[in-house]
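Hi,

Here is the structure I promised to pass on. Have a look at it first, then read my notes underneath.

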Amino acid sequence: MKKIAVIGLGYVGLPLAVAFGKKMDVIGYDINEERIKALKNHNDKTKECSLKDLKEAVNLKFSCKESCLEFCKIFIITAPTPVDNANRPDFSLLKKATETVARYLKKDDIVI
């Protein structure tokens, strides 16, 4: 089975990683080291996922080290795109996430 990486563990990425992590190998990757430390202790300060859900995701591993992406075949990028006062989206975090994923892409990998 192909290993999945979910990049960005906010209100979209974390629940997605948890759902997949109940059934298959998943890496939950985020650049926020404090967030990763909390999630490794089954603590979601944003309350997107319950303690029960985090514990049930037995195939989910969390990391802030991008080298964890090396053996993944499917990359799901869920980086935020906040908007400014004029409703213009800021794509800088999305761009950074795609650049990170690009360093680990191999033939036949899938990016979502």
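The chain has four helices and five strands; both are DSSP runs counted from the N terminus, with helices being H or I over at least four residues and strands being E over at least two. If you follow the sequence from start to end, you get the pattern β-α-β-α-α-β-β-α-β.

Before you dig in, keep in mind that this is a predicted model: local features need pLDDT of at least 70, side-chain atom pairs count only at pLDDT 80 or more, and totals for chains, interfaces and linings use all residues. Residues are numbered from 1 along each chain as its sequence is written, and side-chain values use heavy atoms, with hydrogens and water left out.

**Overall shape**

The C-alpha trace spans about 40 × 35 × 20 Å along its principal axes. A compact globule of 112 residues would have a radius of gyration near 13 Å, and the 14 Å of this chain agrees with that. (That radius is taken over C-alpha atoms, and the globule rule is 2.2 Å times the number of residues to the power 0.38.) Of the 112 residues, 37% are buried. Here buried means under 20% relative accessible area, exposed means over 50%, and partly exposed is in between, using a 1.4 Å probe and protein chains only. Take the contacts (heavy atoms within 4.5 Å) between residues at least 6 apart in sequence: 66% of them join residues at least 24 apart.

**The sheet**

In what order do the five strands sit in the sheet? The order is β3-β2-β1-β4-β5, in an open sheet with parallel pairing. Two strands count as paired if DSSP finds at least two bridges between them. At the edges are β3 and β5 (110–111), each of which pairs on one side only.

Try zooming in on β2 (26–29). With β1, strand β2 pairs in the parallel sense over four bridges, and I4 has V26 as its bridge partner there. With β3, strand β2 also makes a parallel pairing over four bridges, where G28 is partnered by F62. The side chains are worth a look too: V26 and G28 point one way from β2, I27 and Y29 point the other way, and all are buried.

**Helix α1**

Which residues of α1 (residues 13–21) are buried? They are G13, L14, A17, V18 and G21. These residues cover an arc of only 130 degrees around the axis (taken from the directions from the helix axis to the C-beta atoms), so they lie on the same side of α1. It helps to remember that an α-helix has 3.6 residues a turn, so residues three or four places apart point the same way.

What covers that buried set includes β1 (4–7), β2, α2 (33–40), α3 (51–56) and β3 (60–63). Helix α1 lies across β1, β2, β3 and β4 (74–77), and runs at about 145 degrees to β3. For that angle, axes are lines fitted to C-alpha atoms, for helices over the stretch in contact, and angles run from 0 to 180 degrees between N-to-C directions.

**A residue in α4**

T100 belongs to helix α4 (residues 92–102). With 7% relative accessibility, T100 is buried. Setting aside neighbours within four places in sequence, T100 touches Y29, E66 and L69. Y29 is one of the buried residues of β2 you met above.

**Cysteines**

There are zero disulfides in the structure, a disulfide being a pair of cysteine sulfur atoms within 2.5 Å. Why is C49 not bonded? Its closest cysteine sulfur, in C68, is 18 Å away, which is too far for a bond. C49 is buried, at 9% relative accessibility. C64 is in no disulfide either, with the sulfur of C68 as the nearest one at 8.5 Å. C64 is partly exposed, with a relative accessible area of 26%.

**Loops**

K47 has a phi near 65 degrees, a positive value in a residue other than glycine. You will find K47 in the loop between α2 and α3, and at 69% relative accessibility K47 is exposed. N87 also has a positive phi, near 65 degrees, and is not a glycine. N87 sits in the loop between β4 and α4, exposed at 60% relative accessibility.

Happy exploring!
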